[in-house]
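Here is a short tour of one protein chain, written for someone who would rather think at the bench than at the screen. Keep the viewer open as you read.

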Amino acid sequence: MRHLPWIALACVLLGLAPPPCRAGAWLPPRGTGFASTTTRLTWSQDVALQGWQAPQGRYDTLFLDYGLGDHLALGADLGRSISGGGKALVFLRWPLLGTGPLRVAAEMGLGRIAGTAALRPGLSVGLGHARGWLNADLLAEMRGTGETDLKLDLTLGAALPREAKLILQIQSGVQAGDAPFARFAPSVVLPLRRSLQTELGLSWGMAGDTSAGLLLGLWTEF
């Protein structure tokens, strides 16, 4: 959380207007969608610093977001939960504040996490500009076991020349019964062809997380 003032300051320097890519607080326009798939390879930090070795972990995700109307989006989120268990959720997202540079959206997801029924409410707040955006996503994964995990992602994005994007993200959360964690995850998004883009990134645990990671993803809009 101590990094938030610096991220906010950077966003103020960017100015105000719509963001250059889809984010939690911005719903896709009616009849359009966004999809991404990512693979994250992980090592313990001490192993990562020693040079190349086979990854100790791998996490694959698939995210879909489609505009059903001006005030409703339908999505799916498949991959890993905060606790590390597999997740398969569908969600609805709607705006609470949907005009101007400041956006607020709520969502409600339903599905399964680690083999048990789960409910996932969420809230996203975003501030956008033609050259960048700042977004905060807060999610609560409420599992049928009675346990609740929390996740907060803070994202600063900036538009680069030739339709590329720079993303600086603080990923944080707390699993029921565990200490909170936080990691820094910078990445760059590069256009490939037409509506297809690739994301290349790194991650480094800062608190409650001793992992280092590499990320490779594909984005598309339709």
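Strands here are DSSP runs of E with at least two residues, numbered from the N terminus. With that in hand, the hairpin between β6 and β7 is easy to find: 2 residues link the two strands. Please bear in mind that this is a predicted model.

**The overall fold**

The chain contains 2 helices and 12 strands. Reading from the N terminus, the order of elements is α-β-α-β-β-β-β-β-β-β-β-β-β-β. The 12 strands make a closed barrel, running from β1 through to β12 with antiparallel pairing. On average, neighbouring strands of this sheet are turned by 20° against each other, direction ignored.

Of the chain's 222 residues, 44% count as buried. Its accessible surface is about 11500 Å², and carbon and sulfur atoms account for 65% of that.

**Strand pairs to look at**

The table lists some of the antiparallel pairs, each with one pair of facing residues.

| Strand pair | Bridges | Facing residues |
|---|---|---|
| β2 (residues 57-69) and β3 (residues 72-80) | 7 bridges | Tyr-66 and Leu-74 |
| β6 and β7 | 10 bridges | Ala-118 and Arg-143 |
| β7 and β8 (residues 148-159) | 11 bridges | Ala-136 and Leu-154 |

Strand β7 deserves a closer look. It spans residues 132-143, and because 9 of its 12 residues are buried, the strand is largely enclosed by the rest of the structure. On the way to β8, the chain makes a hairpin with 4 residues between the strands, and Gly-146 in that turn has a positive phi of about 95°.

**Ser-124 and its surroundings**

Ser-124 sits in strand β6, which covers residues 116-129. Is Ser-124 buried or exposed? Its relative accessible area is 5%, and because buried means under 20%, Ser-124 counts as buried. The side chain of Ser-124 makes a polar contact with the side chain of Asp-137, at 2.4 Å. Leaving aside residues up to four places away in sequence, Ser-124 also touches others, including Gly-24, Ala-25, Arg-103 and Ala-136.

**The nonpolar core**

In soluble globular proteins, nonpolar side chains tend to be buried together. Which residues form the largest nonpolar core here? There are 7 residues in it: Ala-25, Trp-26, Phe-34, Trp-133, Ile-167, Val-189 and Trp-219. Val-189 touches Ile-167 and Trp-219, and among its other contacts are Glu-163, Lys-165 and Gln-197. Ala-25, a member of this core, is also one of the residues that Ser-124 touches.

Terms used
Residues are numbered from 1 along each chain as its sequence is written. This is a predicted model: local features need pLDDT of at least 70, side-chain atom pairs count only at pLDDT 80 or more; totals for chains, interfaces and linings use all residues. Side-chain values use heavy atoms; hydrogens and water are left out. Two strands pair if DSSP finds at least two bridges between them. Axes are lines fitted to C-alpha atoms, for helices over the stretch in contact, and angles run from 0 to 180 degrees between N-to-C directions. A nonpolar core is a set of buried Ala, Val, Leu, Ile, Met, Phe, Trp, Tyr and Cys residues joined through side-chain atoms within 4.5 Å. Buried means under 20% relative accessible area, exposed over 50%, partly exposed in between (1.4 Å probe, protein chains only). Contact means heavy atoms within 4.5 Å. Accessible areas come from the Shrake-Rupley method with a 1.4 Å probe; for residues, only the protein chains shown count as cover. A polar contact is a pair of N or O atoms within 3.5 Å; within protein, one must be able to donate a hydrogen and the other to accept it, and residues adjacent in sequence count only if both atoms are side-chain atoms.
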